[in-house]
Amino acid sequence: IMSRLYEKYRNDVIPALKETLGYKNELALPRLDKIVISMGIGRAIENKNLISAAEKDLKRIAGQKPTTCQARKSVAAFKLRQGQNIGLKVTLRGKRAYEFLDRLISLVIPRLRDFRGLSPKSFDHAGNYNMGISEQVVFPEINLDDVEFTQGMNITLVTSASDNDEALQMLEQFGMPFHREEEPEEESEGKPEEESEESA
């Protein structure tokens, strides 16, 4: 069974991108390759139980068991030892990636506090988009009564796009709510010209 968002990609996004980007070959169009969700848990240095608590939450959110990230080197000032568990990461591909993105767009982002749209500046110049979420409790899979501590995460949408603009267009077609920062500037720049034409 295909995920709902993948069907949308096949039926709606591909035709729209063909038109706007001018590609005739579907294989040249940008697509979602994978989603990487990572949690940096610095407090785990003092409390090892935080890793297992965060792992339980991340597994619920992603529907897949995360891998543990370890410190690459010791840092005495932070009481950090090489090889110590300090974070978690999970990589979603295929159907799981599309299902997660569907939930992110339709359920999670609308629950973010004071949300005014995603920044289109959070691309990495290789067509991949990064966004941070400050609390895992915005995911409906997480029961507030079971949460031991609040934990943020970073979500990276890895795409096959050749540049940021192509990736932005694809993610907008999926329904990602970006705010266009350049539009107000264009409007304000246009007003003096209109006034000068009227006065002339």
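User: Where does E141 lie in this model?

Analyst: E141 sits in the loop between β4 and β5. Keep in mind that the model is predicted.

User: Is E141 buried, partly exposed or exposed?

Analyst: Partly exposed, because its relative accessibility is 25%, and the partly exposed class runs between 20% and 50%.

User: Which residues does E141 touch, leaving out those up to four places away in sequence?

Analyst: E141 touches R60, I61 and R103. With R103 there is a polar contact, side chain to side chain, at 2.4 Å. Look also at L58. It is 83 residues from E141 along the chain, yet their C-alpha atoms are separated by 9.7 Å.

User: Now the core. Which residues touch the most other members of the largest nonpolar core?

Analyst: Start with the general idea. In soluble globular proteins, nonpolar side chains tend to be buried together. Here the largest nonpolar core has 52 residues, and F139, I155 and M176 touch the most other members. Elements giving two or more residues to this core include α2 (49-62), β3 (85-93) and β5 (153-159). Beyond its neighbours within four places in sequence, F139 is in contact with residues including I61, F100, I133 and I155.

User: How do α1 and α3 pack?

Analyst: Two packed helices are described by the angle between their axes and the distance between the axes. For α1 (residues 4-21) and α3 (residues 94-108), the angle is about 95° and the axes are 7 Å apart. The two helices are therefore roughly perpendicular to each other. R4, L5, Y6 and Y9 of α1 meet Y98, L101, D102 and S106 of α3. By class, that contact has 5 nonpolar, 1 polar and 2 charged residues.

Note on methods
Residues numbered from 1 in each chain as written. Predicted model: local features only at pLDDT ≥ 70, side-chain atom pairs only at ≥ 80, totals over all residues. Heavy atoms only, no water. Axes fitted to C-alpha atoms, helices over the stretch in contact; angles between N-to-C directions. Helix = DSSP H or I, 4+ residues; strand = E, 2+ residues; numbered from the N terminus. Parallel < 35°, antiparallel > 145°, perpendicular 65-115°, else oblique. Contact = heavy atoms within 4.5 Å. Nonpolar A, V, L, I, M, F, W, Y, C, P; charged D, E, K, R; others polar. Core = buried A, V, L, I, M, F, W, Y, C linked by side-chain atoms within 4.5 Å. Buried < 20%, exposed > 50% of the residue type's maximum accessible area, 1.4 Å probe, protein only. Polar contact = N/O pair within 3.5 Å; in protein donor to acceptor, adjacent residues only side chain to side chain.
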